[in-house]
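Welcome! Please take a look at the structure below, and then try the exercises with us.

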Amino acid sequence: TAGVLSVNPNTMYPLLRRLESRGLIEGKWEHPERRTRRYYAITSAGQEEYGRLVEEVRPFLDSVSASIDDIVREVYG
């Protein structure tokens, strides 16, 4: 996000746990005996859900982007 968005760990980790419980991602500890870092990977179910969301959300994001471009042109010429 190039610093535009800042994600709080207190928000991120519950989201990761929820995605994992839904089977959309899979988490593994770097060193299971010490529980140091947890690495996540998308599952095949996660890939399917991602594809569905892209189809559903992309047109909305494109319209938001076009609206912002229109506003910028109007304000700055």
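The exercises below go through this predicted model step by step.

**Exercise 1. Find what Arg-38 pairs with, and say which parts of the chain the pair ties together.**

Solution.
- Start with the distance. The closest N and O atoms of Arg-38 and Glu-20 are 2.7 Å apart, and the two residues form a salt bridge.
- Next, place each partner. Arg-38 belongs to strand 2 (residues 38-42) and Glu-20 to helix 1 (residues 9-21), so the salt bridge ties together parts that are 18 residues apart in sequence.
- Finally, check the surroundings. Arg-38 has a relative accessible area of 26% and is partly exposed; Glu-20, at 23%, is partly exposed as well.

**Exercise 2. Work out how the salt bridges of helix 2 are spaced along the helix.**

Solution.
- Begin with Glu-56 and Arg-52, whose salt bridge has its closest N and O atoms 2.7 Å apart.
- Both residues sit in helix 2 (residues 44-76), with their positions four residues apart in the count, or about one turn of the helix.
- Now recall a rule: an α-helix has 3.6 residues a turn, so residues three or four places apart point the same way.
- Arg-52 is partly exposed, at 38% relative accessibility.
- Glu-49 joins in too: together with Arg-52 and Glu-56 it is linked in a network of salt bridges.
- Move on to Asp-70 and Arg-73, whose side chains meet in a salt bridge at 2.4 Å, N to O. These two are three residues apart in helix 2, again about one helical turn.
- Asp-70 is partly exposed at 42%, and Arg-73 is partly exposed at 48%.
- To close the count, the model has five salt bridges.

**Exercise 3. Decide whether the length of helix 1 agrees with its number of residues, and look at what lies around its ends.**

Solution.
- Helix 1 has 13 residues, and at 1.5 Å a residue it should span 18 Å. The expected span uses one less than the number of residues.
- The end C-alpha atoms are 18 Å apart, which agrees with that expectation.
- At the start of helix 1, a side-chain oxygen of Asn-8 comes to within 2.7 Å of the backbone nitrogen of Asn-10.
- After helix 1 comes Gly-23, which has a positive phi, near 80°.

**Exercise 4. Is Thr-43 buried or exposed, and which residues is it in contact with?**

Solution.
- Locate the residue: Thr-43 is in the loop between strand 2 and helix 2.
- Compare its accessibility with the cut-off. Thr-43 has 19% relative accessibility, and buried means under 20%, so Thr-43 counts as buried.
- Then look for its contacts. Setting aside neighbours within four places in sequence, Thr-43 touches Gly-23, Leu-24, Ile-25 and Glu-26. Gly-23 is the residue with positive phi from Exercise 3.

**Exercise 5. Describe the nonpolar patch on the surface and two of its members.**

Solution.
- The patch has about 950 Å² of accessible area together, and its members include Leu-53, Phe-60, Ile-68 and Tyr-76.
- Take Leu-53, which lies in helix 2. At 35% relative accessibility, Leu-53 is partly exposed.
- Then take Tyr-76, also placed in helix 2. With 70% relative accessibility, Tyr-76 counts as exposed.
- As a last step, try a distance: Tyr-76 and Pro-59 are 17 residues apart in sequence, and their C-alpha atoms are 26 Å apart in space.

Terms used. Residues numbered from 1 in each chain as written. Heavy atoms only, no water. Salt bridge = Lys/Arg side-chain N within 4 Å of Asp/Glu carboxyl O. Buried < 20%, exposed > 50% of the residue type's maximum accessible area, 1.4 Å probe, protein only. Contact = heavy atoms within 4.5 Å. Polar contact = N/O pair within 3.5 Å; in protein donor to acceptor, adjacent residues only side chain to side chain. Patch = residues over 30% accessible without salt bridge, like charges linked within 9 Å, V, L, I, M, F, W, Y side chains within 5 Å. Areas by Shrake-Rupley, 256 points an atom, 1.4 Å probe, with all protein chains shown as cover.
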